[in-house]
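Colleague: I would like to learn how to read the contacts in a model of this kind, beginning with a bound molecule and then moving outward. Could you take me through it step by step?

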There are 2 protein chains.
Amino acid sequence: MSRPIFDTVAILGLGLIGSSLAHGLRDKGLASRVVGYDASEDVRGRAKALGFCDEIAATPEAAVATADLVILSMPVGAAGAAAKAIAGALKPGVVVTDVGGVKAAVIAKVEAALPEDIAFVPGHPIAGTEHSGPEAGFGSLFEGRWAILTPSERTTDEALQQVSDLWHGLGSDVEIMTPEHHDLVLATTSHLPHLIAFNIVGTAADMEEVTRSEVIKFSAGGFRDFTRIAASDPVMWRDIFLNNKEAVLEMLGRFSEDLAALQRMIRWEDGDALQDLFTRTRAIRRGIIEAGQETEAPDFGRRGAGDTGGPKSDS
Amino acid sequence: MSRPIFDTVAILGLGLIGSSLAHGLRDKGLASRVVGYDASEDVRGRAKALGFCDEIAATPEAAVATADLVILSMPVGAAGAAAKAIAGALKPGVVVTDVGGVKAAVIAKVEAALPEDIAFVPGHPIAGTEHSGPEAGFGSLFEGRWAILTPSERTTDEALQQVSDLWHGLGSDVEIMTPEHHDLVLATTSHLPHLIAFNIVGTAADMEEVTRSEVIKFSAGGFRDFTRIAASDPVMWRDIFLNNKEAVLEMLGRFSEDLAALQRMIRWEDGDALQDLFTRTRAIRRGIIEAGQETEAPDFGRRGAGDTGGPKSDS
Ligand SMILES: NC(=O)c1ccc[n+]([C@@H]2O[C@H](COP(=O)([O-])OP(=O)(O)OC[C@H]3O[C@@H](n4cnc5c(N)ncnc54)[C@H](OP(=O)(O)O)[C@@H]3O)[C@@H](O)[C@H]2O)c1
Ligand SMILES: NC(=O)c1ccc[n+]([C@@H]2O[C@H](COP(=O)([O-])OP(=O)(O)OC[C@H]3O[C@@H](n4cnc5c(N)ncnc54)[C@H](OP(=O)(O)O)[C@@H]3O)[C@@H](O)[C@H]2O)c1
């Protein structure tokens, strides 16, 4: 798998995902040459200094001019405009793919902008961290994770195979599904969890009777787990909610209904129903650990929280 | 700090917290002798085999008969009955303490059961993992964490000092507050997060259009973070919600109000408001990391999720 799959690869958007792709392609010999571009001049400068691309181009058109594969890895709200910017500069036979967390809306916008004879392979790696920017990337990010591809009418069999090979080369397994199904699955496993995490962190921050310092000090009781995903990039997440509105609102409705039932169990002190629910939820984690998608170590195997200073003495 | 603070310590309830206390007291030389008891015969047998106590008593009365400190470390719903069972067997001058996640309700029940001249020091270590049972314990669990003590009318200054010294000896810092304030702070930093985690895992498990196997496979998108705390002990959590009902319902009300506002932002596509909220929540995590209560490593420094088999090939 470690022969180059594409000759020249252009990556547009050099944040966490774009820079991880650049590292991974190079570490694994999957491309002969990687050209990077980012809308931010500051990011372009930092990416050049970090050196994970062979070249940093000054414009999107220059970045894609010689590319055999173009990877769109900017926030999904910017993908349509990015496709428009490169449409006239693409080489014949080029494959375009993306990594956006939403598929149906992005496909509509990107395909409206690209010439009809360009093969587009919509994709989404289920891998990430709460950090963003070009410094956050690392080549092993996609190892042992899933990449979802959601072919559209513009996806040729050959391009699908090549992009699939690329993800395999990066250490991922590949799953194929429709864009609509992707958007519903991810609303469940990613968008709703993020929404809830953003919300609970906001709620805690707004308490008057409990100080911010108390929330921070006693966060090891559970709260700190939520703060990780609530620290993810604000623009990326704004765009995901705006572009997967229907599925997110549907999941949110279900969540709120279930929460109302749970509230009722507490109000009426229905201990048996509470215990039943809490027993059922335990089993799901076991499944995730057995599927190799989670560590078995207690507390995520967290380390160093206490080492890096520890709580301040109370004296 | 490593001279014995108490001669004989009795620990009632030998699950995660009780066994961690036994390990910690021994590792750090904080007690001359540790006697353990658990309501479950099976757990008593496993604890004996694990050997973290000097003696496993067959009854609660026998466990406390020679004790200078008694630690109640069973689920909070069982603490009142446990206090009743030992009330007649306590040595004069003994100190009783507990580790329960709720304070006001537990104090009322325990103090109604104990003789009036027995010093009681209500306590709660803000430390734990999602695992339970005697095998889950380890002596460093409390290092770098906070222990909260919530003195009541039955708490003597001397007993408070001794129990405080004990927690310091286990590596914790100690904070003193009223039981009512504790219950509100913990409703925010622990009980509400657990409730929400149980709920979201339940909601995802009940989807018809998304299979259980898809939820598991693509959980790295955020969902898996919630499954950790939703895997905590069902009885312990049932008891916490039943015993801290008012504060939990109050927090739940605030959470739901905020969620309704967030839902509205998505429905009306108010991107600026979304981005503002997501930017605000990011800052809180920074505070938690700086306070030494969380690791800075991406993804909690998770390791081995991919190593232990990785996702099944899609072929
Ligand atoms: N983070 C994750 O966990 C994760 C996981 C899977 C997929 N994804 C997807 O990956 C994509 C990128 O996310 P990320 O985490 O890498 O974000 P990131 O770290 O915030 O980086 C995004 C970069 O794209 C740049 N950009 C914006 N518009 C652009 C354009 N038109 N052309 C070129 N560059 C542009 C941004 O520059 P400015 O700062 O100037 O805006 C920023 O440097 C998103 O679509 C997201 O849905 C993310
Ligand atoms: N887990 C945490 O993260 C955490 C953190 C801070 C404080 N706490 C508090 O610590 C206490 C114990 O939690 P844990 O996590 O150690 O739970 P655990 O692992 O489930 O262990 C609790 C043990 O107590 C036993 N037990 C029940 N009633 C008893 C009684 N009357 N006398 C003696 N033993 C009895 C249980 O036996 P059976 O199995 O037969 O019921 C079980 O073995 C709870 O009050 C909890 O609020 C927990």
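Colleague: Which residues come nearest to ligand 2?

Modeller: Of the 28 residues around ligand 2, those that come nearest are L16(B), I17(B), D38(B), M74(B) and G133(B). Please keep in mind throughout that this is a predicted model.

Colleague: Which atoms of D38(B), M74(B) and G133(B) should I look at next to ligand 2?

Modeller: For D38(B) it is a polar side-chain atom, which lies 2.8 Å from an oxygen atom of ligand 2. For M74(B) a backbone N or O atom lies 2.7 Å from an oxygen atom of the ligand, and for G133(B) a polar backbone atom is 2.9 Å from an oxygen atom of ligand 2. As for cover, ligand 2 exposes 910 Å² when taken alone, and the protein buries 81% of that.

Colleague: Which elements of chain B give two or more residues to the shell around ligand 2, and how do the residues of that shell divide by class?

Modeller: The elements are α1 (16–27), β7 (123–125) and α10 (234–243) of chain B, while the residues of the shell divide into 15 nonpolar, 11 polar and 2 charged.

Colleague: Turning to ligand 1, which residues come nearest, and where are its polar partners?

Modeller: Here too 28 residues lie around the ligand, and L16(A), I17(A), D38(A), M74(A) and G133(A) come nearest. An N or O atom in the side chain of D38(A) is 2.7 Å from an oxygen atom of ligand 1, whereas G101(A) and G133(A) each place a polar backbone atom by a ligand oxygen, at 3.1 Å for G101(A) and at 2.9 Å for G133(A). On its own ligand 1 has 900 Å² of accessible area, of which the protein covers 81%. The elements that give two or more residues to this shell are α1 (16–27), β7 (123–125) and α10 of chain A, and by class the shell has 15 nonpolar, 11 polar and 2 charged residues.

Colleague: How should I read the interface, and what area is buried between chain A and chain B?

Modeller: The size of an interface is often given as the accessible area lost when the parts come together. Between chain A and chain B that area is about 11,400 Å², and carbon and sulfur atoms give 64% of it. In chain A, the residues that lose the most area to chain B are F218(A), F278(A) and R282(A), which together account for 6% of what that side buries. Counted by residues, 116 of chain A are in contact with 117 of chain B.

Colleague: How many salt bridges and polar contacts does the rule find across this interface?

Modeller: The rule finds 18 salt bridges across the interface of chain A and chain B, including one in which the side chains of R228(B) and D299(A) meet at 3.2 Å, N to O. It also finds 46 residue pairs in polar contact, with both residues at pLDDT 80 or more. Among the elements that give two or more residues to the side of chain A are β8 (146–149), β9 (173–176) and α7 (179–205), and α7(A) gives the most, with 20 residues. The residues of that side divide into 52 nonpolar, 33 polar and 31 charged.

Colleague: Where in chain A do R26(A) and D54(A) lie, and how are their side chains paired?

Modeller: Their side chains meet in a salt bridge of 3.3 Å, N to O. This pair links distant parts of the chain, since R26(A) is in helix α1 and D54(A) is in the loop between α2 (41–50) and β3 (55–56), 28 residues apart. Over all chains the structure holds 50 salt bridges.

Technical notes. Residues numbered from 1 in each chain as written. Chains lettered and ligands numbered in written order. Predicted model: local features only at pLDDT ≥ 70, side-chain atom pairs only at ≥ 80, totals over all residues. Heavy atoms only, no water. Contact = heavy atoms within 4.5 Å. Buried area = accessible area lost by both parts, 1.4 Å probe. Salt bridge = Lys/Arg side-chain N within 4 Å of Asp/Glu carboxyl O. Polar contact = N/O pair within 3.5 Å; in protein donor to acceptor, adjacent residues only side chain to side chain. Helix = DSSP H or I, 4+ residues; strand = E, 2+ residues; numbered from the N terminus. Nonpolar A, V, L, I, M, F, W, Y, C, P; charged D, E, K, R; others polar. Near = heavy atom within 4 Å. Areas by Shrake-Rupley, 256 points an atom, 1.4 Å probe, with all protein chains shown as cover.
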